Amino acid sequence: MSAIVIADYGVGNIFSVFHAFEAIGANAKVVTDPTELRTAERLVIPGVGDFSNCMERLSSLGFRDEMLAFVETGRPLLGICVGMQMLFDTSAENGPTPGLGLIPGTVERIPDTGTGGERVKFPNTGWAAVEPPVEDSWAGSVFADLSPGEAMYFMHGYVPVAAAPQDVLATFQFHGHRLTAAARRGNLTGVQFHPERSAKAGLSLLARFATL
């Protein structure tokens, strides 16, 4: 079986993710044939840009059904940025647009103002510290080797809002608002930031995913 399969459905920074896994010595493979997901030990869904376009590409190229079948096997899956957002029920971006429906919740536009009433930049681009919502809740997750407060690189205009608080794995502060940085449900993990662009901390997260 292929250790880590990165789904290339024509959207996203596929090769940046591949080179990040290559940098940590992980056995990763970029695939354009969705049937190759059947022999993957782990699956990565990257994604950037428009949610509805990403979902349309997944469906039209046959990745959607193969991803749903993969999840049923219990093997680890990592969604990155829009790849994380698509794990949820729906997105408000050009929507409502249905997602994969694997984690209950919606994807909403980031707040237009901070808690002090100040206007904020859209989209959100830059570094932010990520924190566990509950102390010691990172044990056994992709964050297991990281300390609270590690900085990750974000680039997004929308963010997931999980229906169940226990599905939130990490949060970050955005102009006074506490937003979702990562989610986890069973064998599914999603990160809103880009670990492949988050220096040593991001590579540590990918290395932990490679050993789940």
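Here is a short Q&A on a predicted model of a protein chain.

User: Let's start with the overall build. How many helices and strands are there in the protein chain?
Analyst: The C-alpha trace spans about 50 × 35 × 30 Å along its principal axes. Within that, the secondary structure of the protein chain comes to 5 helices and 13 strands.

User: What radius of gyration does the protein chain have, and does that agree or disagree with a compact globule?
Analyst: For 212 residues, a compact globule would be expected near 17 Å. The chain's own value agrees with that, because its radius of gyration is 16 Å.

User: What share of the contacts with a separation of 6 or more comes from residues 24 or more positions apart?
Analyst: For background, 51% of the 212 residues count as buried. As for contacts with a separation of 6 or more, the part that links residues 24 or more positions apart is 70%.

User: On to the helices. Why do the buried residues of α1 end up on the same side?
Analyst: Helix α1 runs over residues 14–23, and its I14, V17, A20 and F21 are buried. Those residues share a side of α1 because the arc they cover around the axis is only 135°.

User: Which residue just after α1 takes a positive phi?
Analyst: The spot to look at follows directly on the helix. The phi there is about 80°, and the residue is G25.

User: Which residues are exposed on the other side of α3?
Analyst: Start with the buried set: in α3 (residues 63–72) that is F63, E66, M67, F70 and V71. They sit on the same side of the helix, because their arc around the axis is only 140°. On the other side of α3, the exposed residues are D65 and E72.

User: And what phi does G74 take?
Analyst: G74 comes just after α3. Its phi is positive, at about 85°.

User: Which residues does R57 contact, leaving aside its neighbours within four places in sequence?
Analyst: R57 belongs to helix α2, residues 51–60, and is partly exposed because its relative accessibility is 29%. D8 is 49 residues away in sequence, with a C-alpha to C-alpha distance to R57 of 10.0 Å. The contacts of R57 beyond four places in sequence are Y9, G10 and V11.

User: Now the sheet. Which are the edge strands of the open sheet β6-β5-β7-β10?
Analyst: That open sheet has 4 strands with mixed pairing, in the order β6-β5-β7-β10. An edge strand here pairs on one side only, and the two that do so are β6 (97–98) and β10 (158–162).

User: Which residue in β7 is the bridge partner of F88?
Analyst: Strands β5 (residues 88–91) and β7 (residues 103–109) pair over 3 bridges, in the parallel sense. Within β7, the bridge partner of F88 is I103.

User: Is F122 buried, partly exposed or exposed?
Analyst: F122 lies in the loop between β7 and β8 (124–131). Not counting residues up to four places away in sequence, F122 touches R109, I110, G157 and Y158. The C-alpha of I110, 12 residues away along the chain, is 8.0 Å from that of F122. With a relative accessibility of 37%, F122 is therefore partly exposed.

User: Which side chain makes a polar contact with the side chain of T171?
Analyst: T171 sits in strand β11, residues 168–174, and counts as buried because its relative accessibility is 11%. Beyond four places in sequence, T171 touches A129, V130, E131, R178, L179, T180 and A181. The polar contact is 3.2 Å, and the partner side chain is that of R178.

User: Last topic, the cysteines. Why is C54 not bonded to C81?
Analyst: A disulfide needs the two sulfur atoms within 2.5 Å. C81 holds the closest cysteine sulfur to that of C54, but this is too far for a bond because the distance is 8.7 Å.

User: Are C54 and C81 buried or exposed, and how many disulfides are counted?
Analyst: C54 counts as buried because its relative accessibility is 0%. C81 is buried too, with a relative accessible area of 4%. The number of disulfides is 0.

Key: Residues numbered from 1 in each chain as written. Heavy atoms only, no water. Buried < 20%, exposed > 50% of the residue type's maximum accessible area, 1.4 Å probe, protein only. Arc of directions from axis to C-beta. Pairing = 2+ DSSP bridges. Polar contact = N/O pair within 3.5 Å; in protein donor to acceptor, adjacent residues only side chain to side chain. Contact = heavy atoms within 4.5 Å. Rg over C-alpha atoms; globule rule 2.2 N^0.38 Å.
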